[in-house]
Amino acid sequence: MDGCFDMFHYGHANAIRQARACGDYLVLGVVPDEEVIMAKGPPVMNEDERLCTVEAVRWVDEVMPGVPYEITEEFMTELFEKHKIDFIVHGDDPCLLPDGTDAYAAAKRVNRFVTIKRTEGVSSTDIVGRMLMCTRASSCTSPNVSEQKTQLRTFSQGLEALEEGGDEATSVSHFLPTSRRFVQFSSGKKPAPGDKIVYLDGAFDMFHA
Ligand code: CTP
């Protein structure tokens, strides 16, 4: 599976989880900054940050940096022959090149392409929208710290933007967790007797490297 994985979110995690379930070993290709710029515009997180983040995902067996956005015939041959890849996986959303053609056309032609279900309600574009709702909070000039914090929180939930007639789709999370989804994501691992057990807490907003 390849992708940009900018501002890593649970839609990416769910895509990687499903891709891993399609086989025994998952190689994750990460598109470099210059290719992301060409295809979608500049990423928020640079290539090193995006690489470090996906390295941490439990379903990823190997990370491949510097992959092209388009699966060209030449790159496809390298994947199949040098890296012994059996098939290429992507979400069931269209993935178009700047000229409007399908980035996975070559893999589809040789029947080595598999789709997984894209997770609805989240995208990097949506997250950028939520952050744009926060811009005025960061430029808040109030010397009162608690007032600044209140404003930040209000903006991060997009409430003020909504009151002003802002776009609900970019300010409110559409995440609908089900108990089945939580089970799919959990490792099911339990500590063995005598194991040292560590606890780490945090907000983990915008999961990053
Ligand atoms: N993906 C997914 N569900 C999402 C977002 C992404 O299944 N909500 C999948 C894509 O279909 C792709 C992989 O995650 O197979 C990597 O996606 P990426 O290249 O990062 O780009 P986008 O699809 O544009 O994701 P986003 O809109 O979040 O940028």
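Begin by selecting cysteine 4 and cysteine 95 in this predicted model. The sulfur of cysteine 95 is the closest cysteine sulfur to that of cysteine 4, yet the two lie 7.6 Å apart, too far for a bond. A disulfide is a covalent bond between the sulfur atoms of two cysteines. With a cut-off of 2.5 Å between the sulfur atoms, the count of disulfides comes to 0.

Keep cysteine 4 selected and display the surface. Cysteine 4 counts as buried because its relative accessible area is 7%, under the limit of 20%. Next, select cysteine 52, which is partly exposed, at 46% relative accessibility.

Return to cysteine 4 and turn to the second largest pocket, whose volume is about 740 Å³. Cys4 is among the residues closest to the centre of this pocket, together with His12, Lys40, Arg118 and Ser124, out of 35 that line it. Colour strand 1 (2-3), helix 1 (10-21), strand 4 (88-91) and helix 6 (124-132): these elements each give two or more residues to the lining. By residue class, the lining consists of 18 nonpolar, 11 polar and 6 charged residues.

Now select the ligand. Around the ligand are 17 residues, of which His9, Lys40, Arg118, Val122 and Ser124 come nearest. Three contacts may be inspected in turn:

- Lysine 40: an N or O atom of its side chain is 2.6 Å from an oxygen atom of the ligand.
- Arginine 118: a side-chain N or O atom is 2.8 Å from an oxygen atom of the ligand.
- Valine 122: here a backbone N or O atom lies 2.8 Å from a nitrogen atom of the ligand.

Notes:
Residues are numbered from 1 along each chain as its sequence is written. This is a predicted model: local features need pLDDT of at least 70, side-chain atom pairs count only at pLDDT 80 or more; totals for chains, interfaces and linings use all residues. Side-chain values use heavy atoms; hydrogens and water are left out. On a 1 Å grid over the protein atoms alone, a cavity is a set of points where a 1.4 Å probe fits but cannot get out, and a pocket is an open set with protein on both sides within 12 Å along at least five of seven lines; lining residues have an atom within 4 Å of a point. Grid points are joined across faces, edges and corners, and a volume is the space filled by probe spheres set on the points. Helices (H or I, at least four residues) and strands (E, at least two) are DSSP runs, numbered from the N terminus. Ala, Val, Leu, Ile, Met, Phe, Trp, Tyr, Cys and Pro count as nonpolar, Asp, Glu, Lys and Arg as charged, and the others, Gly among them, as polar. Buried means under 20% relative accessible area, exposed over 50%, partly exposed in between (1.4 Å probe, protein chains only). A residue is near a molecule or strand if one of its heavy atoms lies within 4 Å of it. A polar contact is a pair of N or O atoms within 3.5 Å; within protein, one must be able to donate a hydrogen and the other to accept it, and residues adjacent in sequence count only if both atoms are side-chain atoms.
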